[in-house]
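User: Hi! I'd like to go through this protein with you, one question at a time. Could you walk me through the reasoning as we go?

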Amino acid sequence: MSLPDLPESAGLPDLPDRKETEVRRMLAGPYPLVPPDLAARAADRGRRLLAHRTLRHRLGWLLALLALAVLCWLVMDRPWLPPPAHTTPPVEGW
């Protein structure tokens with residue numbers, strides 16, 4: 001089912017597209033000045049972000065290895081069991 005074709009002037013006045021008009025005005029107007037140190041600041045920020053991400057990854061791996069070491073210690077040592085007796089009971093009946 002298709003909609004009927006409406007003529008160009010179907011009771012609506014031709015209004016200029018507001019967004020298109022605003023974009024054309026922005027492109028035709030004076031361009032904003034770019035700070036001369038913009039590239040250096042962007043590179044510094046990128047280096048900082050990369051350093052922070054690397055630090056987070058290394059701390060995450062360190063935390064994972066620490067958790068693995070604690071898990072191995074728990075499995076091997078079993079600290080929840082009572083400690084073994086260091087003395088032997090007296091031998092009777094010999």
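User: Which residue forms a salt bridge with arginine 41?

Analyst: Happy to help, and do keep in mind that this is a predicted model. A salt bridge here needs a side-chain nitrogen of Lys or Arg within 4 Å of a carboxyl oxygen of Asp or Glu. For arginine 41, the closest N and O atoms of the pair are 3.9 Å apart. The partner is aspartate 37.

User: Is arginine 41 exposed or partly exposed?

Analyst: The label partly exposed covers relative accessible areas between the 20% and 50% cut-offs. Aspartate 37, the partner in the salt bridge, has a value of 38% and is partly exposed. Arginine 41 comes to 45%, so this residue counts as partly exposed.

User: How many helices and strands does the protein have?

Analyst: One of the helices is H1, covering residues 18-28. Another is H2, covering residues 38-77. The full tally is two helices and zero strands.

User: What span does H2 reach from its first C-alpha to its last?

Analyst: H2 has 40 residues, and at 1.5 Å a residue the expected span is 58 Å. The model comes close to that expectation. From first C-alpha to last, H2 reaches 58 Å.

User: What is the N to O distance in the salt bridge between arginine 47 and aspartate 44?

Analyst: Both residues lie in helix H2, three residues apart, which is about one turn of the helix. Arginine 47 is exposed at 54% relative accessibility, while aspartate 44 is partly exposed at 37%. Their side chains meet with an N to O distance of 2.6 Å.

User: Which residue pairs with arginine 24 in a salt bridge?

Analyst: Side chains of opposite charge can pair when their charged atoms come close. Here the two residues are four apart in helix H1, so about one helical turn separates them. Arginine 24 is exposed at 56%, and the partner is partly exposed at 39%. With an N to O distance of 3.0 Å, that partner is glutamate 20.

User: How many salt bridges are there by this rule?

Analyst: We have already met several, including arginine 24 with glutamate 20 and arginine 47 with aspartate 44. Arginine 41 with aspartate 37 is also among them. The count comes to four.

User: What is the area of the nonpolar surface patch that includes Leu65?

Analyst: Leucine 65 is found in helix H2 and is exposed, with a relative accessible area of 54%. The other members of the patch are Leu68, Leu71, Val75 and Met76. The area they make with Leu65 is about 550 Å².

User: What percentage of the residues is buried?

Analyst: A residue counts as buried under 20% relative accessible area. The accessible surface of the protein is about 10100 Å², with 67% of it belonging to carbon and sulfur atoms. Of the 94 residues, the buried share is 0%.

User: Which residue just after H2 takes a positive phi?

Analyst: Most residues other than glycine have a negative phi, and most peptide bonds are trans. In the segment after H2, a residue other than glycine has a phi near 50°. At 46% relative accessibility, this residue counts as partly exposed. The residue is arginine 78.

Terms used: Residues numbered from 1 in each chain as written. Predicted model: local features only at pLDDT ≥ 70, side-chain atom pairs only at ≥ 80, totals over all residues. Heavy atoms only, no water. Buried < 20%, exposed > 50% of the residue type's maximum accessible area, 1.4 Å probe, protein only. Areas by Shrake-Rupley, 256 points an atom, 1.4 Å probe, with all protein chains shown as cover. Patch = residues over 30% accessible without salt bridge, like charges linked within 9 Å, V, L, I, M, F, W, Y side chains within 5 Å. Expected span 1.5 Å × (residues − 1).
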